[in-house]
Each structure stands twice: as structure tokens, then as C-alpha cells.
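Visitor: Please take me slowly through one part of this model, the place where its chains meet, and then show me what else lies in the chains on either side. I would rather have one connected account than a list.

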Amino acid sequence: MKKDIILAGVGGQGILTIATIIGTAALNRGWHLKQAEVHGMSQRGGDVQSHLRLSDKAIWSDLIPYGKADMILSVEPMEALRYLPYLSAGGWIIANKTPYKNVAVYPDLVGIYAAIKKHPNHVLIDADTIAKEVKANRAMNIVMLGAAIGHLGFSAAEIETAIQTIFARKGETIVEANLRALKAGIEA
Amino acid sequence: MEKMMLLGDEALAQGALDAGISGFYGYPGTPSTEIIEYAQRSRQTSEGKIHCKWSSNEKTAVEAAIGMSYSGKRAMATMKHVGLNVAADPFMNSAFTGANGGLLIAVADDPSMHSSQNEQDSRYYGKFAMIPVLEPSNQQECYDMAFHGFELSEKYHVPVMIRLTTRLSHSRSGVKRRDPLSQNSLKKPDDQFQFMLLPAFARKKYKHLIELQQDFEQESVQSPFNSFILEAPDYSMGIVCTGLAYNYLREAYQNQEIPHPLIKICQYPLPTKALRAMQEVCDSILVLEEGMPVVEDILKGIAFKGCKPIKGRLDGTLPRDGELNPNKVSQALGLPDTLGSEVPPIVCPRPPALCVGCPHSDSYLALNEALKDFEKGHVFSDIGCYTLGFLPPYNAINSCVDMGASITMAKGAADAGLYPSVAVIGDSTFAHSGITGLMDCIYENANVLIVILDNSTTGMTGGQEYTAFGKLEEICAGMGVPKEHIRVFVPLKKNWDEMVRVYKEELAYKGVSVVIPRRECVQTLKKKNKLETPE
């Protein structure tokens, strides 16, 4: 069993937190893990991605081969499309609807949504609004994680445990907000 | 012991901590920064009183590490590949002095130039200096090689290079720790001539280094990190792969047996006998290596010309530049390759940019205004976040060559008669290698305006401390810049008139003037505020 996930977004949008949570859940199962991150200049408002590889067998490459990713999980709509060459034929796109506009001319959103919807396996949700609705404004990334886990083969309980471990030192209020965001993402 | 999830950089730092290191020295640079950052966070560092403050630059770092080695203790200098150019002088000569306490030079290369000005391969430097080089293929090897490197260094009294590349430095995986060793005690070298490179001694040292080469090669033959499988079903091709490329090879075969003879090299110098043996039994050789075609070039050499084909980056089997990935390796092996769908044309590039509220943005806009009566092409810049000032909407700078080059290039251009001649350099870059250039300007009273963008941190690499913090005016004044031509302002829109006026006045002054726009980096400010007000 293996899961290869491309996490995508713009520098500072919290994709590494998603990686850490899924990674912790995988480690709790006793799985292997490799997670390639982007540091340095690209983090300054540029596009960033993380290759997260999970498997019950040994993992060799730190990078996911093109055409082999089981999922693109993107916290920004245009960034979901940037990594399509990585996605396998039956793979899933899980994308947030809210754009991060830091380019001179951001492309037409309707066109971006249409390109995502062209892919048979997709989930497109407004994670920013959902996060606000459940009073977890800063947990947009966790809403996205919630929307993804069904397609990753992880149970809500496994991810909840990981969230509790990771956010424990930030206090009960933060843990609760993130659990609400997760639940809202699962139900979205 | 439970496995730790560590980046390659972090695994190397943890390995060094457990192997009894007494001092880390380095200057931040992607992808090497996380080695020292990890050590700075570790409880072992404070408990063991291990040195891990940043140095002014890579040269001072390597020199300090040599000094710690002189004293009998284990030391590591860390840097990115281009940092080794800065440190090349002590690095090359440390091969002659050799080490007393274990001495590791950790260099992280950046093939594909994710965050760099070039993609030079540090293995060339290792070969140049004639010292052993370790090139880990995974996070566990990063950890283990710290132990192995220190042992090798102390066994032969030689510095050892550890060469990382971006994808390993910045990828996380499980690492199993060993029982920690205690630090070496203070012990000066037994040989009082060891660190004395007067020509008469240096000649002897060189002969000694040459003699050691066969021992180093024997170590490569016996290394636990190298492997030699010369018997395999398919001799049509033998595969030589180094470091990270080994993972892509295994990925390509999907955990199946590899049908070809295979030599995995993660420790240099090259084990020549095995390579010759492979050349004899195989019809061709494929070389897979991350970075430049170092091994391929050596194998090809003149001696092999006209012999069996050697495939790799030089004959086009693999791209000549850029980093490897699993797909490129599959293609080179002639195995089936995969590709998802194309990126739709609607997707536009999203290049990095100065952050919203970045002080450099105000500094640049005001500088543009002050220079608007002149033609374009008068501003020399440097390495840092502020290099992004080249891009729209700023279009404020005209060069980025190497650390510190802004000041000296501005001087050379002023010498040639270019007026105005402006240097724009960050505060940490100024500490790294701008100060000596300023000295040149003062010496000849060059007609330059030097702008030191002071965001009070090493910004590009994520906000590290630097040595000249809080001392910029004193340094400039002490070096001879007239006090009335050291001007400081706060780069904010509300100070627009003042900023433009100060720039204009100093542009008009014939001589060396320094303008320091000073406002803290918004990223470090954000981090600080987070620490002060818990969520």
C-alpha cells in the first residue's frame, strides 16, 4: 500500500502543517515516509510544493515520479493545476477555491475552476469560507485536509489523533479549532 | 531507539551531535542552513556547550573549524556550494595541514539552481583538494556519515568533505540514532609543524597527501556506503550511480532486482579497480550522478576513448544540466516512463517576490525616484531577498554576481568613469564580504554611493543572526567614511521626501557615502510577535 501526495500552494499557506499531520498518522501505522520540501527563495510568495510519500514498504526516491501521484492537495486553485504532470490517471485533485492573488494579472477564475473540473476525480471547495463558518479562520489548510482524507484511506480518528499530538503544545483552544475545521472539511 | 523524522540537513547535524562534535561553524545558505539551525535548537548543544553561532562568512567559518580541530576537538563547517568558493583558500590548505580533531566540511549543492547563482559540483573541490568525500544517498546515511567522517578524519589526520544536494538536504525521513559519544578533550597537535605551511614544510605535506591517496581509495573500497555488484544477469550495461541517484535507480526498478552489474558510490576517491572491472565485463556503462558529470568525465577520460560506450550527461543519455529525478533516470535506463496531463495554458508563473510591507520595497522605490534623471544601468546589487528588486514593479538593480560584488563592482565602474555608481547590499551580505570592498573604496576615495539595506537579519535564508548586527554605522565610520556621509532613515512611505532627499544629496557627493535604510524584516517581525503573543 502506498500513497504519493503532492501538496501545493503559495509560500506561507501552511502546506507543511498538512504534511506533518498526514505524516504523523502514517507513522502511527508504522509506515515509511519521505517528505521533500521547498526552502529558500521560492518561499517568498512563490509557488511551493511538497512531495509526501507514504508506504508500508521501503520508499526510495524523495521525489514522486511524474504520472504517479495519487493526489494533488492544493490550498490554492491555480496551484492545483501546476502539478498535473505528476498526477496518475486515477488520481484525485483536492483544491481550495480561494485564489491567492500576488501576480500582476491573475488568470480568469472561471477558467481555472473549469480546468480542475475537467478532471474526473476532483473536490473543489471554498475552504477559507468554511474555516470562517466554523470559527477556525486560520485553519483553512485543515479544512482542505479534511476534504482529502477520505480519498487517502485514512480514517477521521487517525487524523484527529495526529492533530491532537501536533497542536497539543499550542493549547486546547487551538486543538478544538483545528478539529472543527477537520470535521467541516470531511463534511464539505 | 525510536526513529526521528529529520531533513537530510538535520540528520547530519544530529549525527555530528551524537558523534561528539564540539563546534559548528557556518554562514547561512540554501540548502545548507538547516544544519546549524537544527544544532542551535538542540538541547544537546546547550548541555554540551557546543559552539554553533553563525560566522561572518564561509572563510572565517572554515578557519575557525580548523582552529577547533587544531585543539583536538571535532568540528564541522557548513555552507552552500558557492560558499565553498569563498572558503576555498582555507579549504584547500586544510588538506595540507590536515586535521587533529575530526574536521568535516559539509557542503550542500543546489543542482537546478532552486536558490542559487550557479550549480557547481563540490565533488570537484574534493578531488581538487585530494581529500575523501562522502555523498549520502538518504537521511540515515547523512546521520551515519557524521560518525564515519569524523573517524576517517582522525584516522588519517585529514579533513573530510560531506556533499549534500537540495533534494536530500530538504527531504525528511526516519533516522535511527546511535548511542552518543562524548566530546574529545583539549589536545594540541603532537607534531608542532602540522599546521605550519611555510614552503619547506608545505612541500613535505603535499608529498604526504599524495601518499595517502591509495589509503583513501582503499577506504572507498571497504566503505559501508559503497557497494559493488559485478555479477548480474544482463551485461549489456553496467550502472555506476552516486549519492541520491541510487534512490532514483531503485525507484525505476520498483523494488525488483536490478538486472545489471551495479556500483553504488557514496564515498570518494573513486574505487578504480572495481570500475575497471565493470568496464571489462560490461558492453557499456551508464553513469547516474546528481550534479555535474564528475564520475562520467573521469571514466571517459582519454584512456577509455574508443573503448566501450559510457553513457550519461556527456553523451545526452541524461540532460547535461539540472537535477535528476526518477523519470529522467527511467528514461536513461530505457524503462517505461509515466507522465500525467499537461499543465493547462491558463496557469501563469508565480515567481518569488518581495513580501507585502517589505522595507526593501520602499527603499527601492525612493532610490528609483532619486535616480530618475539618470539613464538606467547604474545600480550594482548583491545576493539576498533584495535581488528580487530586479523584477517589476521595481526594476531597480542591474547586477547580481556574488556575495559582496555590489560594492566592488560599483567601485570598478566608478573607476571606469561611470556616474553615478551605486551599490545596493544587504546588512548581512555587507558583514559577509562587503566590508573589505568598502575598504578598497575608502583607500581610493571612489565616487560611489553604497546603500546598505538593513532589515536587521539574514532574510533570504529565513532570518538568521549575523555578526555586524547593530554596528553598521560604527564599522563604516571606523573605516573612514565621513560621518556626515553615513545617513540612516526608516524606509516607510511617510518618509518619502526624506528618503529621496538623502539619496539625492549623497549621489551628489563626490566620494564614498553610505546610506542605511533601516527597518526590520516583516518575516522576523511576524515570528517575534507570534512568540510574544501566543495564539
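Guide: Two strands are treated as a pair here if DSSP finds at least two bridges between them, and that criterion is what allows a strand of one chain to be placed beside a strand of the other. The model is a predicted one, and everything that follows should be read in that light.

Begin with the sheet. Eight strands make up an open sheet with mixed pairing, and their order is β6(A)-β5(A)-β4(A)-β1(A)-β3(A)-β2(A)-β7(B)-β1(B). At its edges stand β6 of chain A, residues 122-125, and β1 of chain B, residues 4-7, each of which pairs on one side only. From one strand to the next the twist averages 20 degrees.

The join between the chains is made where β2 of chain A, residues 32-36, runs antiparallel to β7 of chain B, residues 171-175, the two being linked over three bridges. If you follow this pairing residue by residue, you will find Ala36(A) opposite Ser171(B) in β7(B), while Gln35(A) has Arg172(B) of that strand as its bridge partner. As general background, the strands of a sheet pair through backbone hydrogen bonds, in either a parallel or an antiparallel sense.

On the chain B part of the sheet, helix α1(B), residues 8-18, lies across β1 and β7 of chain B and runs at about 115 degrees to β1(B).

The contact between the chains as a whole draws 41 residues from chain A and 40 residues from chain B. On the side of chain B that touches chain A, at least two residues each come from α9 (166-169), β7, α11 (245-252) and α14 (326-333). Sorted by class, that side of chain B contains 18 nonpolar, 15 polar and seven charged residues.

Chain B as a whole has 20 helices and 18 strands. Its radius of gyration is 25 Å, close to the 24 Å that the globule rule gives for 535 residues, so chain B is as compact as a globular protein of that length. The C-alpha trace of chain B spans about 75 × 65 × 55 Å along its principal axes.

Turning to chain A, look at helix α7(A), residues 172-187, and at two helices that pack against it. The axis of α6(A), residues 156-167, comes within 9 Å of the axis of α7(A) and crosses it at roughly 155 degrees; since angles over 145 degrees count as roughly antiparallel, α6(A) and α7(A) are therefore roughly antiparallel to each other. Their crossing is right-handed. Among the residues that meet here are Ile159(A), Ile163(A) and Phe167(A) of α6(A) and Leu179(A), Leu182(A) and Ile186(A) of α7(A), and the contact has nine nonpolar, two polar and one charged residues.

Helix α5(A), residues 140-152, has an axis that comes within 7 Å of that of α7(A), with a crossing of roughly 45 degrees, and these two helices are therefore oblique to each other. This crossing, too, is right-handed. Its contact includes Gly146(A), Ala147(A) and Gly150(A) from α5(A), and Ala181(A), Leu182(A) and Gly185(A) from α7(A), and its residues divide into 10 nonpolar, four polar and one charged.

Notes:
Residues numbered from 1 in each chain as written. Chains lettered and ligands numbered in written order. Predicted model: local features only at pLDDT ≥ 70, side-chain atom pairs only at ≥ 80, totals over all residues. Helix = DSSP H or I, 4+ residues; strand = E, 2+ residues; numbered from the N terminus. Axes fitted to C-alpha atoms, helices over the stretch in contact; angles between N-to-C directions. Contact = placed C-beta atoms within 7 Å. Nonpolar A, V, L, I, M, F, W, Y, C, P; charged D, E, K, R; others polar. Parallel < 35°, antiparallel > 145°, perpendicular 65-115°, else oblique. Left-handed = near helix turned anticlockwise from the far one by under 90°. Rg over C-alpha atoms; globule rule 2.2 N^0.38 Å.
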